[in-house]
Amino acid sequence: MQTYLRGRDFITEQEWTMDELETVLDVAFELKRQRSMGIPHPVLRDKVLAMLFFFTSTRTRVSFEAGMAQLGGHAQFIDSETTQISHGDTAKEIGEIVGRYCDGIAIRQCDWDFGNKYIREVAEASRVPVLNMQCDVYHPFQILADWMTIVEKFGRDLRGKTINVSWAYASSYQKPISVPQSLILLMTRLGMNVRLTHPPEYKLMPDILGQAEENARRSRGSFEILHDFDEGFKGADIVYPKSWGALLTTTDNAESAAIGRKYTDWITDSHRMSLAQEHAVYMHCLPADRNIEVTDEVIEGPQSIVYDEAENRLHMQKAVMALTMN
Ligand code: CP
């Protein structure tokens, strides 16, 4: 167990050791247990988290804000459009200034080829921890919550379990690639058999794929890439089919949407679920395009664990804040 995490940034889970991540998981389970019994845990009394959003959110915003209140502190919602950020406050200024007012800075900035760089620039200038609430490359808090949920269903030793991280069709908007990228990075460190399934145009960043391969080699798990939707489901213990944009093929939204329309049959339905193990669970970070990306029957069905997954955002985020901002 590594408990000295005070002051640390959390920008990608890949930069934290497994010992450190296991500590976060332990603390999250402890906080979840305490909350279930009504035991107060104000370990961040009088601390303030600045939450800076450049992109919409439901779960992230609500769970961080609730989490800070439950830890005895306060969270400020800051919208880039209604502050001077939209008129030119620089990343350095945000790090320096907000870091002097607050005890942590959480940022969601998903703009392609910009978000992660922006968050790192703020972190460079900040004297307090910077937390990544999702960027163009990573969604680390989502993936911590996914891990906690999988552990609740399958136990802590996940070696040999098969997870299918798959693309699925959606029509609402070109979603970031950060969820599948963070998923393959963490799941390959747990000794799991990780499948990444997508049409050829929906590839992920080569550097991330290389890290996932190396993670799998070190953990004695496996990592493979498939291009057949049904094949990805076969025999899997965990299926995580969600949409993302063809960002490495084109950054033109209209062109990306047109590519997607070739694959409208990549929808998770009861037939696809029947290809997985009988005990398989269905996961999605939400929001999902219902009856386009996944049928109501599956997402509301007995194999779906999406609500537990959303709940665990709260507990994992509280754990990271309690460990880094105290
Ligand atoms: N899963 C997730 O990050 O949800 P929000 O976009 O609603 O925050």
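This is a conversation about how to read a predicted model, from its two domains down to single residues.

Reader: I'm new here. How is the chain divided into domains?
Author: Start with the big pieces, then go to the details. Here the chain splits into domain 1, made of 13-139 + 313-325, and domain 2, which is 142-309. Notice that domain 1 is written as two stretches of the chain, with the numbers of domain 2 falling between them.

Reader: How many residues of domain 1 and domain 2 are in contact?
Author: For a question like that, you count residues on each side. In this model 27 residues of domain 1 touch 31 residues of domain 2. The C-alpha centres of the two domains are 25 Å apart.

Reader: And what area is buried between domain 1 and domain 2?
Author: Buried area tells you how much surface two parts lose when they are put together. For this pair it comes to about 2,600 Å², and carbon and sulfur atoms give 62% of that. On the side of domain 1, three residues stand out: Gln 14, Trp 112 and His 139 supply 25% of the area that domain 1 buries against domain 2, more than any other three residues.

Reader: How many residue pairs are in polar contact between domain 1 and domain 2?
Author: There are 14 such residue pairs, with both partners at pLDDT 80 or more. You can also ask which elements carry the contact. On the side of domain 1 that touches domain 2, helix 1 (18-36), strand 4 (130-135) and helix 12 (306-324) each supply at least two residues. Helix 1 gives the largest share, with nine residues. Sorted by type, the residues on that side of domain 1 are 15 nonpolar, five polar and seven charged.

Reader: How many salt bridges are there, across the interface and in the whole structure?
Author: The idea is to look for a side-chain nitrogen of Lys or Arg within 4 Å of a carboxyl oxygen of Asp or Glu. Across the interface of domain 1 and domain 2 there are three, and a search of the whole structure finds 23. Take Arg 156 and Glu 22 as a case: their side chains meet at 2.6 Å, N to O. Glu 22 and Arg 156 also belong to a network of salt bridges that includes Asp 26.

Reader: Which parts does the salt bridge of Arg 120 and Glu 15 tie together?
Author: Here you check where each partner sits. The two side chains meet at 2.9 Å, N to O. Arg 120 is in helix 4 (residues 115-125) and Glu 15 is in the segment before helix 1, so the bridge ties together parts that are 105 residues apart in sequence. Both ends are partly exposed: Arg 120 has 30% relative accessibility, and Glu 15 has 45%.

Reader: How far apart along helix 7 are Glu 214 and Arg 217?
Author: They are three residues apart in helix 7 (residues 206-219), which means about one helical turn separates them. Their side chains form a salt bridge at 2.7 Å, N to O. Glu 214 is partly exposed at 29%, while Arg 217 counts as exposed at 55%.

Reader: Is there another pair I could practise on?
Author: Try Arg 290 and Asp 296, a salt bridge whose closest N and O atoms are 3.0 Å apart. Arg 290 is partly exposed, with a relative accessible area of 38%, and Asp 296 is partly exposed too, at 33%.

Reader: What about the backbone? Which residues does the cis peptide bond join?
Author: For this one, look at the omega angle. The cis bond joins Leu 286 and Pro 287, with omega about 5°. Pro 287 is in the loop between strand 9 (281-282) and helix 11 (296-299).

Reader: And phi: where is Gln 134, and is that residue buried or exposed?
Author: Look at the sign of phi, then at the surroundings. Gln 134 is not a glycine, yet its phi is positive, about 130°. Gln 134 lies in strand 4 and is buried, at 7% relative accessibility. Now turn to Arg 220, also a residue other than glycine, with a positive phi near 65°. Arg 220 is in the loop between helix 7 and strand 7 (222-226), and it is exposed, with a relative accessible area of 78%.

Terms used:
Residues numbered from 1 in each chain as written. Predicted model: local features only at pLDDT ≥ 70, side-chain atom pairs only at ≥ 80, totals over all residues. Heavy atoms only, no water. Domains from an automatic or database assignment. Contact = heavy atoms within 4.5 Å. Buried area = accessible area lost by both parts, 1.4 Å probe. Polar contact = N/O pair within 3.5 Å; in protein donor to acceptor, adjacent residues only side chain to side chain. Helix = DSSP H or I, 4+ residues; strand = E, 2+ residues; numbered from the N terminus. Nonpolar A, V, L, I, M, F, W, Y, C, P; charged D, E, K, R; others polar. Buried < 20%, exposed > 50% of the residue type's maximum accessible area, 1.4 Å probe, protein only.
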